[in-house]
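Dear colleague,

I am passing on a structure that you have not worked with before, and I would be glad if you could look through it. Below the structure itself I have set out what was found in it.

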Amino acid sequence: MLPWVVRRTRLPLLSLRCVDCRSESATTGEGRFRVNANGKLLDVWLLVRCVSCDRTSKLTVYERKPVGSFDPVELDGYRDNDPELVAARLLDPLIARRNHFTLDWTDAWRLDIRSAFRDEAWPVQVEVVLADPVPVRPDRLIARGLGLSRNEVVRRIKCDVPLHRPTSAGFTFTVMAGD
Ligand SMILES: [Zn+2]
């Protein structure tokens, strides 16, 4: 089975409406958290800024969470703006839902294909691994990866997931011989 890997090349933008200029795109920029102590309770926010007017907004990561219930390493990460933690919180679907944004993955990922198909014995099986939760449409990804038209994809591909529905999970497909 040949592996294809989808991975991010940078952090995605956020589709989030700015309250000032109504733009619908925001970025985490270099990635900053703000931690605010209120007695023994902590608020943690991830800061994002509007790509049009630079207005900063706060996304809630934790609200009034007891200091003692934090993993100390994680808490240090918030205080040090650990880039891994910025990525993890930005890509966390629960945080996206709570803060009403979606991720805009346009031009933020690539498809790594290690070997070409030229001399393969057909049919060929390919496993697509999503190293990051990028929503991909299988038919478009396969067309791009194989250099096929989408009609050809429909004719030559057998896939274990619906071809037209975006998925953020891995899948496998089989390429049948061409005419
Ligand atoms: Zn704005």
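I begin with one pair of charged side chains, since several other points can be gathered around it. In this predicted model, the side chains of Arg156 and Glu152 meet in a salt bridge, with 3.9 Å from N to O. Both residues lie in helix H5, where they are 4 residues apart, or about one turn of the helix. Arg156 is buried, because its relative accessible area is 12% and the cut-off for buried is under 20%, whereas Glu152, with a relative accessible area of 24%, is partly exposed. As for the surroundings of Arg156, if its neighbours within four places in sequence are left aside, this residue is in contact with Trp122, Leu148, Thr174, Val175, Met176, Ala177 and Gly178.

The pair in H5 belongs to a wider set, as the count comes to 9 salt bridges. As general background, side chains of opposite charge can pair when their charged atoms come close. Another of these pairs is formed by Asp132 and Arg8, whose side chains meet in a salt bridge at 3.1 Å, N to O. Asp132 is found in the loop between S8 and H4 and Arg8 in strand S1, so this pair ties together parts that are 124 residues apart in sequence. Asp132 is buried, with a relative accessible area of 14%, while Arg8, at 30% relative accessibility, counts as partly exposed.

A further salt bridge joins Arg89 and Glu74, with the closest N and O atoms 3.4 Å apart. Here Arg89 lies in helix H2 (residues 83–90) and Glu74 in helix H1 (residues 72–79), so the pair ties together parts that are 15 residues apart in sequence. Arg89 is buried, with a relative accessible area of 16%. In addition, Arg7, Arg110 and Asp112 are linked in a network of salt bridges.

Turning to charge in the protein as a whole, there are 28 positive and 24 negative side chains, and the centres of the two sets lie 4 Å apart.

Helix H4 (residues 138–146) also deserves a look, and its buried residues are Pro138, Asp139, Leu141, Ile142, Ala143 and Leu146. These buried residues pack against several elements, among them strand S1 (2–8), strand S7 (109–113) and strand S8 (124–130), and the list also includes helix H5 (150–156), strand S9 (157–159) and strand S10 (171–175). Just after H4, Gly147 takes a positive phi of about 65°.

Finally, some words on the overall form. The protein has 5 helices and 10 strands, and buried residues make up 38% of its 179 residues. What is the radius of gyration of the protein, and what would a compact globule of 179 residues have? The protein has 21 Å, but such a globule would have a value near 16 Å. Along its principal axes, the C-alpha trace spans about 70 × 40 × 25 Å. Among contacts between residues at least 6 apart in sequence, 64% join residues at least 24 apart. The accessible surface comes to about 10600 Å², of which 46% belongs to carbon and sulfur atoms.

With best regards

Terms used
Residues numbered from 1 in each chain as written. Predicted model: local features only at pLDDT ≥ 70, side-chain atom pairs only at ≥ 80, totals over all residues. Heavy atoms only, no water. Buried < 20%, exposed > 50% of the residue type's maximum accessible area, 1.4 Å probe, protein only. Helix = DSSP H or I, 4+ residues; strand = E, 2+ residues; numbered from the N terminus. Contact = heavy atoms within 4.5 Å. Rg over C-alpha atoms; globule rule 2.2 N^0.38 Å. Areas by Shrake-Rupley, 256 points an atom, 1.4 Å probe, with all protein chains shown as cover. Lys, Arg positive; Asp, Glu negative; His and termini not counted. Charge placed at Lys NZ, Arg CZ, Asp CG, Glu CD. Salt bridge = Lys/Arg side-chain N within 4 Å of Asp/Glu carboxyl O.
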